[in-house]
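Work through the exercises below with the sequence and the model open. Each task is followed by a stepwise solution.

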Amino acid sequence: MLRTWLKKHWLPLLLLAAFLYLAIGATAPFFHYKTIPHKTKEQFSTGAFYQDGPGVDRAMILETNESAWEERLRFMNLARERIILSTFDFRDGESPRDLLSIMLRKAEEGVQVKILVDGFSGLVRMERSEIFYALSSHPNVEIRLYNPINLAQPWKTQGRMHDKYVIVDDYGYILGGRNTFDYFIGSYPTNSRSHDREVLVYNTAHQTDQSGASSLNQVLSYFDGVWNLDVCRPFHDDPGLAEKRTVKEAVETLHDRYAALAASRPDLLDPPSGSDGSRRAQALSYYAANTHEAGKITLVSNPTGIYGKEPIVFFTLTELMKNAREDVTIHTPYAVFNAYMYDTMAEVNRHIPVDMMINSVENGDNFFASSDYLRHRKKMAATGLTILEYDGGTSYHGKSVVIDHELSAIGSYNFDLRSTYLDTELMLVIQSKELTAELETYMASYEQDCRLLLPDGRYQIPDHITVAEVPLWKRAAWAVVGLVMQPVRFLI
């Protein structure tokens, strides 16, 4: 009888087995949270993040999507040797085509271009897109994917590269939380948009013997380490693709796009007829005039392997908070904690009052994080943190920390379990009173549109805020998903 039943139901059983293989395989390596090694704790020093006097680096905040677009074009236009772009999500679109057009232009001038993209994005967003093949087929361009998805090995699928930065020669770099598509960069019409934040670091010692003192070298060393990992694979690195009709058309599309951009924005790009040396001098003068003096700049990163990680970024940021003397402010899109994170944040708050701003569930764009937050909201409030929920109408994606009006941290790290234990993450810790003061002004502008979470789970809502209406079905879905996700909430 059992044999007959098995024969009759072999297909659903096969599908169930495949589902269990994928589900268990994808989650089993991450059930156990790694801890901070004793050696890391012993070696940590708050003093290592400060120095007396300015360094060779200066910094500016890129607060708007339009500034992110402008500074990428202006910065890449400086390139004479290399352009490096690392991003979690790279999609075809208007702003990405602008960036691709200048990278192709520079490659044709002899600049070496390297692009590193998370493997999931490469599969879903870039595969079979001729606009990316237009670059990958060029001999001066190399594109690699971090941990390409392979469903036959589901235990590898959760290893994601969440880093976002751009490096140009030894002039400096841009680093922050923006992915590379229209949702985050530029002002082209799009169905939705997100607020985000980056920092541009300008190396005043570029092309001198002192260039090695720039924090640029920390970012470059990190990139080289990830780029050369065994899990990184070439993305259609085939010169033969350049002979395909559709790829040739994509190349011409990018040529035309560069010409139009150079004509419409001569303040950013060289004319198509040839390089204009004055444009380079103007850009360097612009960065010298529009950046802030900085002391020590330190890159903080998670481990770069594809499996569970020690929570290095969270540990480092919270240790810096524990040594604060005046105040701490955190901006993060989402907050998803485990017991270690709850205890640590409560400890920090006992030492120094902490304000933390996140998206309200009505305002955010991460359904799973919203579902989890609703289940754990009171536990979050019990840490003693002052929790502000942003209701500005556009989802907020910025990740920043301010400590004592002198130290700023900006990068890709969310205060959630995935960023803490699963993904590669970067935060740039910058010692600069001037930059921090500017960042505090930006942060305060968002906090004006926040409601305050009270200890009992109710809210204090300013008169000018109207909380968005959410349909009953969505609230029910939040409750159901929040419950179902509890055994695997480390994926959020």
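The exercises cover aromatic pairs, charges over rings and salt bridges. This is a predicted model, in which local features need pLDDT of at least 70, side-chain atom pairs count only at pLDDT 80 or more, and totals for chains, interfaces and linings use all residues. Residues are numbered from 1 along each chain as its sequence is written, and side-chain values use heavy atoms, with hydrogens and water left out.

**Exercise 1.** Classify the aromatic pair of Y165 and F223, and place both residues in the fold.

Solution.
1. Rings of Phe, Tyr and Trp (its six-membered ring) pair if their centres lie within 6.5 Å; planes under 30 degrees apart are stacked, over 60 edge-to-face, and the rest tilted.
2. The search of the whole structure gives 25 aromatic pairs. In the pair of Y165 and F223, the centres are 6.5 Å apart and the planes make 85°, which is edge-to-face.
3. Helices (H or I, at least four residues) and strands (E, at least two) are DSSP runs, numbered from the N terminus. Y165 belongs to strand β5 (residues 165-168) and F223 to helix α8 (residues 216-227), so the pair ties together parts 58 residues apart in sequence.
4. Buried means under 20% relative accessible area, exposed over 50%, and partly exposed in between (1.4 Å probe, protein chains only). Y165 is buried at 2%, and F223 is buried at 0%.

**Exercise 2.** Which residues form a cluster with F75 through ring pairs, and which charged end sits over the ring of Y286?

Solution.
1. Ring pairs link F75 with Y202, Y286 and Y287.
2. A charge sits over a ring if NZ of Lys or CZ of Arg is within 6 Å of the ring centre and within 35 degrees of the ring normal.
3. For Y286 the charged end is that of R74, 3.7 Å from the ring centre.
4. R451 is placed likewise over the ring of Y459, at 4.5 Å from its centre.

**Exercise 3.** Are the partners in the salt bridge of D118 and R160 buried or exposed? Treat R458 and D456 likewise.

Solution.
1. A salt bridge is a side-chain nitrogen of Lys or Arg within 4 Å of a carboxyl oxygen of Asp or Glu; the structure holds 26.
2. D118 and R160 meet at 2.8 Å, N to O. D118 is in strand β3 (residues 112-118) and R160 in the loop between β4 (141-146) and β5, 42 residues apart.
3. D118 is buried at 0%, and R160 is buried at 7%.
4. The closest N and O atoms of R458 and D456 are 2.6 Å apart. R458 is exposed at 52%, whereas D456 is partly exposed at 37%.
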